[in-house]
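Q: Please take a close look at one part of this structure, a helix and the sheet it lies on, and explain each term as it comes up. I would also like to see how the parts around it are arranged.

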Amino acid sequence: MSSRRDFIKKTAIAGAGISVVPNMSFGNIYGKGDTKLRLAFIGVGLRGTNHLNNALQRKDLEITAVCDIDPGRIKIALKKIEDAGFKKPKVFGDNEYDYRNLLELKEVDAVVIATPWLWHTRMAVDAMKAGKYTGLEVSAANTLEECWDLVNTHEETGSHLMILENVNYRRDILAVLNMVKQNVFGELVHFRCGYQHDLREVKFNDGKQPYGGGVEFGEKAISEAKWRTRHSVLRNGDMYPTHGVGPIAVMNDINRGNRFVSLTSNATKAIGLHNYVVKHGGKDHPNAKVKFKQGDVITTTIETSNGETIIVTHDCNLPRPYSLGFRVQGANGLWENDGDRIYIEGKSEPHRWDSDKEWLEKYDHPLWQKYGEHATGAGHGGMDFFVLNAFVESAKRNTAPPLDAYDAAAWSAITPLSEASIENNGEPQDFPDFTRGLWVKRQPYNWMKDTY
């Protein structure tokens, strides 16, 4: 879907980067020797295949197993692996639980899980119990119980989990994080973020192509429309908060000296998906009779223990251009993604915005300065290279990842808490403390290094 690529245009700050050249090596860039991480993939749909493509550019990996219940996706994955010159992996997918047989393999050190949401936590828990270093796509959990399952399993097994939130590695986001670390905005006060993306052609298709072409969902559809749209029928909450809140949580040291305390959520009426079905399928189409529960625009306000507020917006069922709507505001000024603008007191002309271009160039993150030329063609404007690289390098060392099980739980908890708040007319909901008090002394990850 073109909009999934268009939003990142501005993040190639130094100019358009090169496309990834087949067989270009991103592995061994840190001189770790000949030891290769033995990686498996559970789920090789569109998202899983994207991760696979980036993994196949590395020389420090072996792809030892793949799993998917769709034979067509397995065929595509095996062809890519063969074309890249890798050995043929073991294949699993005879049934929905065949992934557990994959997890029994001794020749698997780490797994990347990119499956429908309802499988995320159960697969991640099984992977950690099997001693595998686990990379989990977003969102990580659907319920508070699942959030606790991720944390408890990590603590009980000692196996690490990384939530694969790629927007944390967007070029402008890392530049603004650099500004936060250098106190450009002063003491932080307020943030805005979200997932504002017209997903109507993701939630409906014709059963032949993954995006659009019809108004089917569920069993008559393919790809995300096969499973994702059902959540919009049955649930009313922010189903997809981590693209927005993940970067803000890092800037705000959530779980590491700060934490989410409570939230309130409100939802508008739900008309967008119904209108789309009627427009493209007609008022007599069976899906025109479906009553969608999810409000078209859902607004959540989070309070933190240090006194900041975060407004998170979910807006996916109405026509609109893509935006994550970032705003970072402190005592000395603020940055807003929409409008590509910044204002810093004493630096900007009073009461007038600056273009953020020169600021983002000045504070360009060391990772992007070092590897941006190679990463830009790696998917989502380069973000996918950096998130997979952080996962692989953390797994090779078996050390805690930048975005861990506590982050996965806290960020994903927004979904069930927003559902509860909306159901109770915006009633405040308390966040569990997934660190059990350790957020007070946990140290922030060193985000400013140029390795991973």
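A: The answer starts with one helix, moves to its sheet and a neighbouring helix, and ends with a second sheet.

This is a predicted model, in which local features need pLDDT of at least 70 and side-chain atom pairs count only at pLDDT 80 or more, whereas totals for chains, interfaces and linings use all residues. Residues are numbered from 1 along each chain as its sequence is written, and side-chain values use heavy atoms, with hydrogens and water left out.

The helix is helix 16, residues 414-423. Helices (H or I, at least four residues) and strands (E, at least two) are DSSP runs, numbered from the N terminus. Helix 16 is mostly covered, with seven of its 10 residues buried; here buried means under 20% relative accessible area, exposed over 50%, and partly exposed in between, computed with a 1.4 Å probe on protein chains only. Those buried residues are I414, T415, P416, L417, S418, S421 and I422. They pack against helix 6 (144-157), helix 10, strand 8 (260-267), strand 9 (297-304), helix 15 (405-412) and strand 15 (429-430), where contact means heavy atoms within 4.5 Å. Just after helix 16, N425 takes a positive phi of about 60°.

Helix 16 lies across strand 8, strand 9 and strand 15, and runs at about 55° to strand 8. Axes are lines fitted to C-alpha atoms, for helices over the stretch in contact, and angles run from 0 to 180 degrees between N-to-C directions. These three strands belong to an open sheet of nine strands, ordered 14-13-12-11-7-10-9-8-15, with mixed pairing; two strands pair if DSSP finds at least two bridges between them. Strand 14 (354-355) and strand 15 stand at the edges with a single partner strand each, so one side of each is left without a neighbour in the sheet. Elsewhere in this sheet, strand 12 (residues 333-336) and strand 13 (residues 341-344) pair in the antiparallel sense over four bridges, and the bridge partner of L334 is Y343 in strand 13.

Helix 10, one of the elements that the buried residues of helix 16 pack against, also has a helix partner of its own. Helix 7 (residues 171-181) and helix 10 (residues 242-251) pack with their axes 10 Å apart, at an angle of about 25°. The two are therefore roughly parallel to each other, since angles under 35 degrees count as roughly parallel, over 145 as roughly antiparallel, 65 to 115 as roughly perpendicular and the rest as oblique. Their crossing is right-handed, a crossing being left-handed if the near helix is turned anticlockwise from the far one by less than a right angle, and right-handed if clockwise. I173, V176, L177 and V180 in helix 7 meet P247, V250 and M251 in helix 10.

There is also an open sheet of six strands, in the order 3-2-1-4-5-6, with parallel pairing. Its twist averages 20° from one strand to the next. Within it, strand 4 (residues 110-113) and strand 5 (residues 133-136) pair in the parallel sense over four bridges, and I113 has L136 in strand 5 as its bridge partner. Helix 2 (residues 46-55) packs on this sheet and touches strand 1 (37-42), strand 2 (61-67) and strand 4, its direction making about 160° with that of strand 1. Helix 3 (residues 71-83) lies across strand 2 and strand 3, running at about 165° to strand 2.
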